[in-house]
Amino acid sequence: MKTFTTLLALFSAVGALAAGGATSQPRASLATVYYSCVNNKEAALTFDDGPYVWLYDISKFLVAAGGKGTFCFNGNNWACIYDTASQNRVKYAHAHGHQLVSHTWSHPLSFDQIHNEMWRIEQALERIVGVSPAFLRPPYGNYNNLVRQVAKQRNQSIIMWDLDTGDSLGASVAHSEKVYSDAVAKNPRNILALNHETYSSTAETIVPYAIKLLKSKGYQLVTVAECLGGLAPYQWTAAPQTPSSFESNALIWIPWIPI
Ligand SMILES: *[C@@H]1O[C@H](CO)[C@@H](O)[C@H](O)[C@H]1NC(C)=O
Ligand SMILES: [Zn+2]
């Protein structure tokens with residue numbers, strides 16, 4: 001807690017400096033946190049922890065249903081995002097209209113180096129597909145006012161969820177399917193669902209089940225930005241660059257430079 005407070009003071013000081021020392025900005029300017037969609041009869045399926053091998057199948061199921069999803073990418077979790085295979089997955093998701101969201105660089109539990117953790121994945125998405133994400137999915141859904149403050153400084157909103165399949169917690173396929181069917185049975189206005197693209201059972205079984213169920217009840221499968229009333233998914237877009245996987249090797253050393 002003491003560390004958080006110290007860091008908070010530090011970031012406030014940096015923020016004040018960046019604003020030219022003026023104190024017109026409120027100290028605690030916090031990012032908006034969304035737990036649910038806004039639009040009626042829309043479901044936003046989100047997929048954390050990729051880009052991973054099952055991304056292609058998840059995308060195909062969504063596209064076949066006339067839908068889109070939201071992928072919350074890490075920079076270096078299961079694999080490095082600058083690896084050719086990872087870059088191809090990011091490009092594929094973007095090309096198929098899915099929304100790309102920051103899930104931090106290395107999926108840390110600690111709030112140390114928080115700017116760095118956010119900045120590095122944003123930079124990767126900017127380089128690989130030319131988008132600057134407007135949304136952050138915090139690792140483990142874990143956030144405090146420091147995270148909200150930094151996200152706000154980075155012009156991002158935080159997205160949580162109102163349905164957790166439990167796939168990353170070792171839930172059985174039957175359990176995850178029941179989470180969806182129990183939710184849909186209550187005729188919710190909308191659904192914002194947490195899934196992980198790193199499990200074949202999610203990609204091959206739970207996602208097709210959820211899509212079929214949601215479509216049969218008249219829900220459109222949309223991105224998070226769309227279901228929030230049509231917000232911009234990205235802060236800006238630009239022409240992609242062609243980063244080599246070598247670039248990540250240089251980047252990996254950045255945290256070790258004392259600054
Ligand atoms: C902040 O993000 C919004 C989209 O969420 C964008 O319209 C706006 O231009 C961004 N501002 C800056 C300074 O990048
Ligand atoms: Zn995660």
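Which side chain is joined to that of His103 by a polar contact of 3.0 Å? The legends below take up this question in a predicted model, beginning with the whole chain and passing to the two ligand sites.

**Figure 1. Overview of the predicted model****.** The protein has 259 residues, of which 47% count as buried, and its secondary structure comes to 9 helices and 11 strands. Among contacts with a separation of 6 or more, 81% are accounted for by residues 24 or more positions apart along the chain. The accessible surface of the protein amounts to about 11900 Å², and carbon and sulfur atoms contribute 58% of that area.

**Figure 2. Close-up of the zinc ion (ligand 2) and its protein donors****.** Asp49 donates through OD, while His103 and His107 each donate through NE2, and these donors lie 2.0 to 2.1 Å from the zinc ion. Read along the chain, the donors follow the spacing D-x53-H-x3-H. Of these donors, both His103 and His107 are buried.

**Figure 3. Close-up of His103 and its polar contacts.** His103 is placed in the loop that runs between strand β4 (99-102) and helix α4 (114-129). Because its relative accessibility is 1%, and buried means under 20%, His103 counts as buried. The side chain of His103 is joined to that of His107 by a polar contact of 3.0 Å, which answers the opening question for one partner; a polar contact of 3.0 Å also joins the side chains of His103 and Asp49. His107 and Asp49 thus appear in this view as polar partners of His103, and they appear in the preceding view as donors of the zinc ion.

**Figure 4. Close-up of the residues that His103 touches.** Leaving aside residues up to four places away in sequence, His103 touches Asp48 and Asp49, then Cys72, Phe73 and Asn74, and finally Arg137, Pro138 and Pro139. One of these residues, Asp49, is also a protein donor of the zinc ion.

**Figure 5. Close-up of ligand 1 and its surrounding shell.** The residues around ligand 1 are Ala134, Asn155, Ala232, Tyr234 and Gln235. Taken alone, ligand 1 exposes 370 Å², and the protein buries 41% of that area. The residues of the shell divide into 3 nonpolar and 2 polar, with no charged residue. Within this shell, a polar side-chain atom of Asn155 lies 2.3 Å from an oxygen atom of ligand 1.

Terms used
Residues are numbered from 1 along each chain as its sequence is written. Chains are lettered from A and ligands numbered from 1 in the order in which they are written. This is a predicted model: local features need pLDDT of at least 70, side-chain atom pairs count only at pLDDT 80 or more; totals for chains, interfaces and linings use all residues. Side-chain values use heavy atoms; hydrogens and water are left out. A residue is near a molecule or strand if one of its heavy atoms lies within 4 Å of it. A polar contact is a pair of N or O atoms within 3.5 Å; within protein, one must be able to donate a hydrogen and the other to accept it, and residues adjacent in sequence count only if both atoms are side-chain atoms. Accessible areas come from the Shrake-Rupley method with a 1.4 Å probe; for residues, only the protein chains shown count as cover. Ala, Val, Leu, Ile, Met, Phe, Trp, Tyr, Cys and Pro count as nonpolar, Asp, Glu, Lys and Arg as charged, and the others, Gly among them, as polar. Donors are N, O and S atoms within 2.8 Å of the metal (3.2 Å for Na, K and Ca); water is not among the atoms, so sites may look incomplete. Buried means under 20% relative accessible area, exposed over 50%, partly exposed in between (1.4 Å probe, protein chains only). Helices (H or I, at least four residues) and strands (E, at least two) are DSSP runs, numbered from the N terminus. Contact means heavy atoms within 4.5 Å.
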